[in-house]
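Q: I am new to this structure. Please take a close look at a single part of it, then follow the links from there to the rest.

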Amino acid sequence: MLDKIITTLSSNQPRRFPSDFPEAAVLVPITREECPQIILTKRAEHMKTHSGQVAFPGGMRDPSDQNLRDTALRETFEEVGVSPEKIEVVGSLNQVVSRHGIAVTPYVGIVDPEIELIPDPGELHSVFKAPVSFFLENEPDRLDKINFEQYRLQVPCWYYGDYEIWGVSAIILMDFFRVSFNRRIGSFTEGRG
């Protein structure tokens with residue numbers, strides 16, 4: 001399964017939006033094991049945006065970041081304590097524009113399954129892992145219809161234990177499964193309706 005993820009992502013040509021949006025990047029960390037897991041975070045309740053939501057480690061591009069890949073790696077270190085040299089970035093996914101008008105570029109990185117995850121209490125409530133197979137074997141608990149500018153999306157939502165995986169994180173997962181496994185979950189179309 002992991003070989004398939006690495007092979008498909010390394011040849012993926014992701015879509016990018018015009019550069020007039022503020023930029024951010026996230027890392028989709030996948031564990032290097034026979035049954036890989038996706039590492040996710042739950043944001044702290046006191047955060048100004050996306051408080052209490054499930055997210056990937058990441059954040060806004062800093063002027064000191066050479067590129068968005070560096071942003072994803074820096075933010076991952078700051079939020080969950082995984083240093084860049086312990087992450088093998090294998091590719092990126094389609095950019096997503098958040099409801100706050102931020103262009104988010106997701107990068108997929110492979111990490112050791114026993115890597116120590118240390119959530120930053122200033123930003124995160126917790127860090128958890130969900131098996132890739134969970135999303136492949138379970139239909140979403142619901143599909144929400146969302147309109148954003150000229151786009152119409154059908155966004156999946158999964159409940160994993162006490163965690164609700166929805167919003168931008170679910171859109172990123174939707175693209176990850178489309179690219180890695182040719183699995184369609186939800187939909188994305190242009191035009192209102």
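A: A residue counts as exposed when its relative accessible area is over 50%, as buried when it is under 20%, and as partly exposed in between. Keep in mind that this is a predicted model.

Start at N182. Its relative accessibility is 61%, which is over 50%, so N182 counts as exposed. N182 sits in the loop between helix 4 and strand 12, the strand of residues 187-190. Its backbone deserves a look too. N182 is not a glycine, yet its phi is positive, at about 55°. N182 is also the residue that follows helix 4. Far along the chain there is a partner in space. T8 is 174 residues away from N182 in sequence, but their C-alpha atoms are 9.7 Å apart.

Step back now into helix 4. Helix 4 covers residues 167-181, which is 15 residues. From first C-alpha to last, helix 4 reaches 21 Å, close to the 21 Å expected at 1.5 Å a residue. Of its 15 residues, 13 are buried, so helix 4 is largely enclosed by the rest of the structure. The exposed N182 therefore comes just after a helix that is largely enclosed.

Next come the aromatic rings. There are nine aromatic pairs in the structure. One of them joins F128 and Y160: the ring centres are 6.3 Å apart and the planes meet at 15°, so this pair is stacked. F128 belongs to strand 8 (residues 124-131) and Y160 to strand 10 (residues 151-160), so the pair ties together parts that are 32 residues apart in sequence. The two partners differ in burial. F128 has a relative accessible area of 8% and is buried. Y160, at 23%, is partly exposed.

Y160 has another ring partner, F134. Here the centres are 4.9 Å apart and the planes stand at 70°, so the pair is edge-to-face. This pair also links distant parts of the chain, with F134 in helix 3 (residues 132-137) and Y160 in strand 10, 26 residues apart. F134 counts as buried, with 16% relative accessibility.

These pairs belong to a wider group. Ring pairs link F128, F134, F135, W158, Y160, Y163, F176, F177 and F181 into a cluster.

F176 leads on to V108. Beyond its neighbours within four places in sequence, V108 is in contact with L9, L27, V28, I30, E88, V89, V90, G91, L93 and F176. V108 lies in strand 7. Its relative accessibility is 0%, which is under 20%, so V108 counts as buried. A72 is 36 residues from V108 in sequence, and the two C-alpha atoms are 9.6 Å apart.

A72 brings us to helix 2, as one of its buried residues. The others are L68, T71, L73, R74, E75, T76, E79 and V80. Helix 2 spans residues 68-80, 13 in number, and reaches 18 Å between its end C-alpha atoms, close to the 18 Å expected. Its buried residues pack against strand 1 (23-31), strand 2 (37-43), strand 4 (58-60), strand 5 (88-92), strand 7 (103-111) and strand 8. Strand 7 is where V108 lies.

Both ends of helix 2 have a detail to check. At the N-terminal end, N67 acts as the cap: a side-chain oxygen of N67 is 3.1 Å from the backbone nitrogen of R69. Just after the helix, G81 takes a positive phi of about 75°. N182, after helix 4, has a positive phi as well.

Within helix 2, look at R74. Its side chain reaches the backbone oxygen of M60 at 3.1 Å. Leaving out residues up to four places away in sequence, R74 touches M60, R61, D62 and D65.

End with the empty space. The structure holds one cavity of 30 Å³ or more. The space in the largest cavity is about 30 Å³. Its lining is made up of P29, I39, P57, T76, V80, V82, V111 and L117. Among them, T76 and V80 are buried residues of helix 2.

How values were computed. Residues are numbered from 1 along each chain as its sequence is written. This is a predicted model: local features need pLDDT of at least 70, side-chain atom pairs count only at pLDDT 80 or more; totals for chains, interfaces and linings use all residues. Side-chain values use heavy atoms; hydrogens and water are left out. Helices (H or I, at least four residues) and strands (E, at least two) are DSSP runs, numbered from the N terminus. The expected span of a helix is 1.5 Å times one less than its number of residues. Buried means under 20% relative accessible area, exposed over 50%, partly exposed in between (1.4 Å probe, protein chains only). Rings of Phe, Tyr and Trp (its six-membered ring) pair if their centres lie within 6.5 Å; planes under 30 degrees apart count as stacked, over 60 as edge-to-face and the rest as tilted. Contact means heavy atoms within 4.5 Å. A polar contact is a pair of N or O atoms within 3.5 Å; within protein, one must be able to donate a hydrogen and the other to accept it, and residues adjacent in sequence count only if both atoms are side-chain atoms. On a 1 Å grid over the protein atoms alone, a cavity is a set of points where a 1.4 Å probe fits but cannot get out, and a pocket is an open set with protein on both sides within 12 Å along at least five of seven lines; lining residues have an atom within 4 Å of a point. Grid points are joined across faces, edges and corners, and a volume is the space filled by probe spheres set on the points.
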